[in-house]
Every structure is written in C-alpha cells, then in structure tokens.
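Here are my notes on this one, jotted down as numbered points. Have the model open while you read.

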Amino acid sequence: MNLAECKRFTMNTIEFTKTYYIDRRGSHSRKWDGEHLKFSRTDLLPLWVADMDFMPPQCIQEAICSYVKANPLGYTMTNPDYIEAVMSWYKRRHNCSLKQEWLTSAPNVITGIMWCIGAFTKTNDAIAVLSPVYGAFDTSASDAQRQIIAVPMNRTEDNRYSVDYDAFERAISEHDVKLFIHCNPHNPVGHVWTEQEMDRLFRICQRHHVLIISDEIHQDLITGPTAFTSALTVSNGAYADNIIAMSSLSKSFNMASLHHAEVIIPNEQLRSQFNAYKAHVYHTDSDVIAETAITAAYTHPEAEAWLTDVLAVIRENYEYLCRELCTALPQIRISPMDGTYLAWIDFGAYVKAENMHDLFENKCRIAPSFGEWFGGKNYTTFVRLNLATSLENIRTATHNIIKYVHP
Ligand SMILES: Cc1ncc(COP(=O)(O)O)c(C=O)c1O
C-alpha cells in the first residue's frame, strides 16, 4: 500500500500490519536484540519490553526528517507550537484543560518520577503503590533509599483488579506515606481507573497529606469500554493542586527512545520545587527532535488515524489470545485489558511457579515479562505479554503456549 494514499483514512488491521510492521532484529532494539539481558537464550519471540513493532505514523517521520534537513541541531528554546500541540491534545482527546505554565518536562517519565522522589521526599520516607505494578516505580524508590509500600489490589472472579480502600488507608497511615505513585491505565493489569475510583483514592491521599504522582503514559492506549480520565480532572480538578501528572508520546506513537516527557504540575509551589530540583541535577535546553515529533503527532490527522488503527490491531490480538487460550486452558486467568497493550495472565492453575521460566524460555520459546518483575513472589505464576506486534507473532506465541501448557 502506498502510504501517501492512506494518510487520512483508517486501515483495516491486515493493511495496517502490512504497512507498518517492521522486523526489528539487528536494529539494537532492546526487545529484539537484548534478550541476553534478561533471559537464558536469545532465540525467543520477544513479548517483553513495552514498545511496539510498528513504524510510527509517516507524518512524524517526515516532520523529523524535514527539521533535520533544514536545521543544524544547535541549542534551541521550547517551541510554542509544541506547547500548543500538547494543550490541544489533552483538551481534544481527554477533555483536560491545561494551563501553559503548568507544563515542565523530564527526559522520560521514570526520570520525572525519580526527580519527584528526590524533590518531595527524604531518605527512608515511604512511597505507596498499588501492587502489582510496573517495576521501575519500586526501583526508583529503593535506589533512592526510600521504602516502597506495595498495597496489594484485590482480584475479582472475572480477573479484574480493584482497590482495597481500607488497606490502602491503613498502609498510608501506618507507614506515614509521603508519596503515592498512581498508574493509569495500570501496567501490568490493564485497568483503566474510573473517576469514582480515583476520587476515593485521592480523597484518602488528601486526608493524609500524601502527594500524588499520576503516571499517565498509557493514556491514549484505550481498547476497552472505560474512557481515560486524567487525575487532573477528577471531581472537576478538586485534587489538581496535589497532583503531578506525567505522560509522553513514547507509548502512544512508539517513540520511547526520544527522550522527553511532559510533567504537569498545576500547583505553583510544587512546580518551583520540582524545577529547582531539576536545575540541580540536569542541564539542558529543549529537545528539538522530541518537540518536533510531538507537535506532528498531536496535530496531524494522519497520526490520529494511525492511533485508531494500531488500537484495532492490539484489540484483535487480545481477542485472539483470549479466545484461543481460554478454549484450550479454561482455568487460565487473563485480566481484562481495557488499556495498555499488555496482557496480564495467570498460569497458576496449570504451572508451578518454579517451572515458569523453563516453560516460557525453553519450551514455548517466548520472552515474556515475568510476573515477579511487577511485585515479587505473589506473581510468580503470571506473565505480561506485549501485544503491540503482528497477529502472526501473537498466533505463534499462543500456539506455543497451548502446545506446552497441559490442562
Ligand atoms: C507505566 C509506565 N511508566 C513509565 C514507563 C517508562 O517510561 P519512560 O521510558 O518515559 O521512562 C513505562 C514503560 O513501560 C510504563 O509502562
């Protein structure tokens, strides 16, 4: 398919895959070429690192190329078009009105979280997360000699996760928690938090003077029925003064190696504190390539069509995986993936924890993200599978799982 022909129109999943899927082996991709970093062999189908196996929209590629062809990569100042693009994206996609002065930045979301930990907490302070959760939250806290307080979520009969609000409040008050790192949509369980759920969580945080970081990096990857609500807009912005929201285009448009994340801080004092900390540890002007990419992604209709299409591929992959696995292995527990492109699957009915690595690496020949990476021993029978790839890869993975996991 000629890309120019389909710029403004959505494609079906087969056309999209044909056009954008790319064989990434040999490109120094961490996911495809870095299996030796985490696994015992390097001939695995990689479904671990959370990026996509699709080229980004052509309008972003062109915007970067045009800038580089026309300009030296000298020092730059933040381009007002980039700020405008971010503000219009939040308004248009998430009904969230940002003020220009709220925006600051970090080289990526995790660095932004590390800076918040440095700016707003002290050694040994307690930081709460809802468990299971993305492992870098834990390491960001422990590397800075803070205590991580993991509050386990409840899992319902239908494999959906929910908060035990009493346990959350008890943990906060017992450990004198200073910071709560919220993740919406939630990696790895795929839950998209409703406004009501966040209202209850944030009210508890407010009662105990706990600052909230809302990691919203998966905000555009919604494939289920619940719409994304930014923490900034919960209860008409009632908690915005106590929230630091973070996002970037890295997940939505597959550009994680561009180092730029939006850090949104409505409260002026918190923002000054964050920026003072940042000035102490980091010195740079704006990243012009990232700003160029973001401006293109957030303003071109083609990019929005691309996003619609990639979500359809992800949904199709998820439905295929669920259908096949649940038919062959009826006691498997797959959590509803309403957001992200990450499927969270519990093999506990069929596989002993101590056999999971051997099964996936030596038999199924898949490189998953293993459950324990998201909160330790409670999750050793789980894997997280990255579905942002071709249906063919998901078919291969599904087939191999069914072949080697015996009911
Ligand atoms: C919830 C969440 N936050 C942050 C990150 C990493 O983001 P960054 O590369 O911007 O640090 C990921 C990557 O998987 C993620 O899932």
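1. Let's start with a single side chain: does Arg-395 count as buried, exposed or partly exposed? Arg-395 has 14 C-beta neighbours inside 10 Å, so it goes down as partly exposed; the cut-offs are 20 or more for buried and 12 or fewer for exposed. Bear in mind that this is a predicted model. Arg-395 belongs to helix α13, which runs over residues 391–404. Along the chain Arg-395 is 78 residues from Asn-317, yet their C-alpha atoms are separated by 8.4 Å.

2. Now the overall build. I get 13 helices and 15 strands for the chain. The radius of gyration is 21 Å, close to the 22 Å that the globule rule gives for 407 residues, so the chain is as compact as a globular protein of that length. If you prefer a box, the C-alpha trace spans about 60 × 55 × 35 Å along its principal axes.

3. On packing, 46% of the 407 residues are buried. Take the contacts with a separation of 6 or more: 74% of them join residues 24 or more positions apart.

4. Domains next. The assignment gives domain 1 as 3–57 + 302–404, and domain 2 as 73–299. Their C-alpha centres lie 25 Å apart. The contact between the two takes 29 residues from domain 1 and 34 residues from domain 2.

5. What does domain 1 bring to that contact? The elements giving two or more residues to the side that touches domain 2 are α11 (301–328), β11 (333–334) and β12 (342–346). Of these, α11 supplies the largest share, six residues. By class, this side of domain 1 has 19 nonpolar, five polar and five charged residues.

6. Helix α6 (residues 135–143) deserves a look of its own. Its residues Phe-137, Asp-138, Ser-140 and Ala-141 are buried. They cover an arc of only 165° around the axis, which puts them on the same side of α6. On the face turned away from that buried side, Ser-142 and Asp-143 are exposed.

7. What covers the buried residues of α6? The cover includes α5 (109–120) and three strands: β3 (126–131), β4 (147–152) and β7 (177–183). One backbone detail to check while you are there: just after α6, Gln-145 takes a positive phi of about 60°.

8. Then the ligand. There are 13 residues around the ligand, and those that come nearest are Ala-50, Asn-108, Val-109, Ile-110 and Asn-187. By class, the shell has eight nonpolar, four polar and one charged residues.

9. Last, Lys-91, which is found in helix α4 (residues 80–94). Is Lys-91 buried or exposed? With 12 C-beta neighbours inside 10 Å, Lys-91 counts as exposed, since the cut-off for that class is 12 or fewer. Leaving out residues up to four places away in sequence, Lys-91 touches Cys-96 and Ser-97. Gln-145, the residue with the positive phi, is 54 residues from Lys-91 in sequence and 38 Å from Lys-91 in space, C-alpha to C-alpha.

Methods: Residues are numbered from 1 along each chain as its sequence is written. This is a predicted model: local features need pLDDT of at least 70, side-chain atom pairs count only at pLDDT 80 or more; totals for chains, interfaces and linings use all residues. Helices (H or I, at least four residues) and strands (E, at least two) are DSSP runs, numbered from the N terminus. The radius of gyration is taken over C-alpha atoms; the globule rule is 2.2 Å times the number of residues to the power 0.38. Two residues are in contact if their C-beta atoms, placed from the backbone, lie within 7 Å. The arc is that of the directions from the helix axis to the C-beta atoms. A residue is near a molecule or strand if its C-beta atom, placed from the backbone, lies within 6 Å of it. Ala, Val, Leu, Ile, Met, Phe, Trp, Tyr, Cys and Pro count as nonpolar, Asp, Glu, Lys and Arg as charged, and the others, Gly among them, as polar. Domain bounds come from an automatic or database domain assignment.
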